[in-house]
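Student: Could you take me through one helix of this model up close, and then show me what else is worth a look around the fold?

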Amino acid sequence: EYMGPKENEIPKVPKRSISTATKEAFKEPHGTPLELDRTPNPDSQFYQSVDGSHATAHVAYHLSDTAFIYPITPSSVMGELSDVWMAQKKKNVFGQVVDVREMQSEAGAAGAVHGALVAGSLCTTFTASQGLLLMIPNMYKKKKKKKKKKKK
């Protein structure tokens with residue numbers, strides 16, 4: 001009868017099936033495929049370097065129900081990644097595909113986010129400093145509505 005891992009023993013994680021393309025990508029120089037072992041071991045972990053935009057988009061996509069984007073130059077990458085992941089039917093942590101919509105302006109994106117948040121959706125948008133300035137009026141509207149609800 002299995003009683004779980006013993007003290008000071010790292011539990012073995014079952015190996016996953018690996019696609020042929022992945023095996024080809026991870027071949028050692030002499031041609032034999034590497035075995036990908038998922039046992040926690042810092043010396044053999046697979047790491048991927050990404051920039052801040054990619055990391056931000058990854059987290060925002062996986063923690064949102066909806067995303068309203070307006071491509072504006074430093075934040076375009078984040079919106080484009082979210083759009084690509086939606087097209088690939090990539091699921092978030094809630095098991096659903098995020099609904100990504102491209103808006104006509106930053107003000108439109110801010111208004112859409114406002115509406116989605118009021119409706120109870122977990123929503124995100126990506127912007128740069130210029131876009132944030134355009135969103136300020138909508139943010140004040142959201143804050144005023146919250147204050148009115150608290151007073152009632």
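Tutor: Start with which residues of α4 are buried: Glu106, Ala109, Ala110, Ala112, Val113, His114 and Ala116. Keep in mind that this is a predicted model. An α-helix has 3.6 residues a turn, so residues three or four places apart point the same way. With that in mind, look again at the buried set, which includes Ala109, Ala112, Val113 and Ala116. Glu106 and His114 are on the buried list too, alongside the alanines and Val113.

As for its geometry, α4 covers residues 106-118, 13 residues in all, and its first and last C-alpha atoms are 18 Å apart, close to the 18 Å expected at 1.5 Å a residue. After the helix comes Gly120, with a positive phi near 100 degrees.

Now zoom out a bit. The protein has 5 helices and 3 strands, and along the sequence they run α-α-β-α-β-α-β-α. Of its 152 residues, 26% count as buried.

Two other helices are worth a stop, thanks to the 1 aromatic pair in the structure. The ring centres of Tyr61 and Trp85 sit 5.5 Å apart with the planes at 70 degrees, and since an angle over 60 counts as edge-to-face, that is what this pair is. Tyr61 belongs to α2 (residues 52-62) and Trp85 to α3 (residues 76-87), so the contact ties together parts 24 residues apart in sequence. Both Tyr61 and Trp85 are buried. Trp85 has another neighbour as well: Lys90 lies over its face, 4.5 Å from the ring centre.

Carry on past α3 and you get to Val93, in the loop between α3 and β2 (99-102). Val93 is exposed, at 52% relative accessibility. It's part of a nonpolar surface patch with Val59, Leu63, Phe94 and Leu122, and together the five have about 460 Å² of accessible area.

For a charged contact, go to Asp99 and Arg101. Side chains of opposite charge can pair when their charged atoms come close. Here the closest N and O atoms of Asp99 and Arg101 are 2.9 Å apart, making a salt bridge, and the structure holds just 1 of those. How covered are the two partners? Asp99 has a relative accessible area of 30% and is partly exposed, while Arg101, at 46%, also counts as partly exposed.

How values were computed. Residues are numbered from 1 along each chain as its sequence is written. This is a predicted model: local features need pLDDT of at least 70, side-chain atom pairs count only at pLDDT 80 or more; totals for chains, interfaces and linings use all residues. Side-chain values use heavy atoms; hydrogens and water are left out. A salt bridge is a side-chain nitrogen of Lys or Arg within 4 Å of a carboxyl oxygen of Asp or Glu. Buried means under 20% relative accessible area, exposed over 50%, partly exposed in between (1.4 Å probe, protein chains only). Rings of Phe, Tyr and Trp (its six-membered ring) pair if their centres lie within 6.5 Å; planes under 30 degrees apart count as stacked, over 60 as edge-to-face and the rest as tilted. Helices (H or I, at least four residues) and strands (E, at least two) are DSSP runs, numbered from the N terminus. A charge sits over a ring if NZ of Lys or CZ of Arg is within 6 Å of the ring centre and within 35 degrees of the ring normal. The expected span of a helix is 1.5 Å times one less than its number of residues. Patches are made of residues with over 30% relative accessible area and no salt bridge: like charges are joined within 9 Å, nonpolar side chains (Val, Leu, Ile, Met, Phe, Trp, Tyr) within 5 Å. Accessible areas come from the Shrake-Rupley method with a 1.4 Å probe; for residues, only the protein chains shown count as cover.
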